[in-house]
Amino acid sequence: MKAANDKLENDYERMVPEYHEGKLIYAEHVTRYLAAQSVVKDKVVLDIASGSGYGTKILAESAKFVYGVDVNEVAVNYSKKKYASKNIEYLVGDGESIPLKDNSVDVVITFETIEHIKNYSKFLDEVARVLKPDGLAIVSTPNDLEFAEGNHFHLHEFQYDELVSALHKHFKN
């Protein structure tokens with residue numbers, strides 16, 4: 001992914017508002033973040049796979065502090081320029097090795113991420129590691145039975161029961 005004139009390319013791996021606003025993908029992605037706003041109120045939050053940063057900024061409107069972490073350095077730099085706030089820190093990091101301390105966040109937001117990660121069990125281990133003991137993880141992923149196949153960025157697509165089973169191995173509720 002390259003940046004041109006401080007813009008991210010529209011490579012379809014990330015939702016970038018300047019390319020997708022007015023389209024269904026935009027509404028789906030923004031709605032998830034808007035729904036999470038009340039849950040993260042006054043909390044320390046990790047938005048893992050923060051992409052272009054628009055969602056991290058939405059969360060920061062009610063959260064105490066938000067870490068936006070993405071594997072792509074260009075996306076992180078774009079986020080720092082376009083969606084900065086005093087209560088946001090954007091970091092380059094991998095879902096299988098999250099660059100935060102143990103028990104450091106109240107809430108982990110992971111929207112449309114797990115299907116992009118090769119070792120999704122290690123990813124869930126990392127989410128559990130950075131969460132405080134009473135923390136909350138909010139996870140979304142396309143349901144393999146409901147969405148069309150063929151997104152080459154998806155390394156594994158989950159059916160509902162399969163996702164629930166994977167989550168139960170890492171979280172009690």
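Here is a quick tour of this predicted model, from its confidence values to its strands, cores and one helix.

**Confidence first**

Mean pLDDT for the protein comes to 83, with 75% of the residues at 70 or more. If you go element by element, the two ends of the scale are both strands, as the table shows.

| Element | Residues | Mean pLDDT | Rank among the elements |
|---|---|---|---|
| strand β1 | 3-4 | 41 | lowest |
| strand β5 | 88-92 | 98 | highest |

Over residues 1-5, pLDDT stays under 50, and the model has 11 contacts beyond four places in sequence for that stretch.

**Strands β4 and β5**

β5 turns up again in the pairing: it joins β4 in the parallel sense, over 5 bridges. One of the partnerships to look at is Asp 70 with Val 92, the latter sitting in β5. Add helix α4 (residues 73-82) and you get a right-handed β-α-β unit made of β4, α4 and β5.

**The cores**

The largest nonpolar core has 21 residues, and the members touching the most others are Leu 46, Tyr 67, Leu 100, Val 105 and Val 108. Two or more residues each come from β3 (44-48), β4 (65-70), β6 (105-111), α5 and α6. The top contributor is α5, which gives 4 residues.

Tyr 67 is a good place to zoom in. Setting aside residues up to four places away in sequence, Tyr 67 touches Val 44, Val 45, Leu 46, Asp 47, Glu 89, Leu 91, Leu 100 and Val 105. Apart from this core lies another one, of 19 residues, including Ile 58, Ala 60, Tyr 78 and Ile 88. As a general backdrop, nonpolar side chains tend to be buried together in soluble globular proteins.

**Thr 110**

Strand β6 also holds Thr 110. Is Thr 110 buried or exposed? Its relative accessibility is 1%, so it counts as buried, the cut-off being under 20%. Beyond its neighbours within four places in sequence, Thr 110 is in contact with Ile 48, Phe 123, Ile 138, Val 139 and Ser 140.

**Helix α6**

Which residues of α6 (residues 160-168) are buried? They are Leu 163, Ala 166 and Leu 167. These residues cover an arc of only 100° around the axis, which puts them on the same side of α6. The general rule behind such patterns is that an α-helix has 3.6 residues a turn, so residues three or four places apart point the same way. As for what covers the buried residues of α6, that includes α5 (120-130) and β7 (131-140).

Technical notes:
Residues numbered from 1 in each chain as written. Predicted model: local features only at pLDDT ≥ 70, side-chain atom pairs only at ≥ 80, totals over all residues. Heavy atoms only, no water. Buried < 20%, exposed > 50% of the residue type's maximum accessible area, 1.4 Å probe, protein only. Arc of directions from axis to C-beta. Contact = heavy atoms within 4.5 Å. Core = buried A, V, L, I, M, F, W, Y, C linked by side-chain atoms within 4.5 Å. pLDDT = per-residue confidence, 0-100. Pairing = 2+ DSSP bridges. Right-handed = clockwise from strand over helix to strand, strands pointing away.
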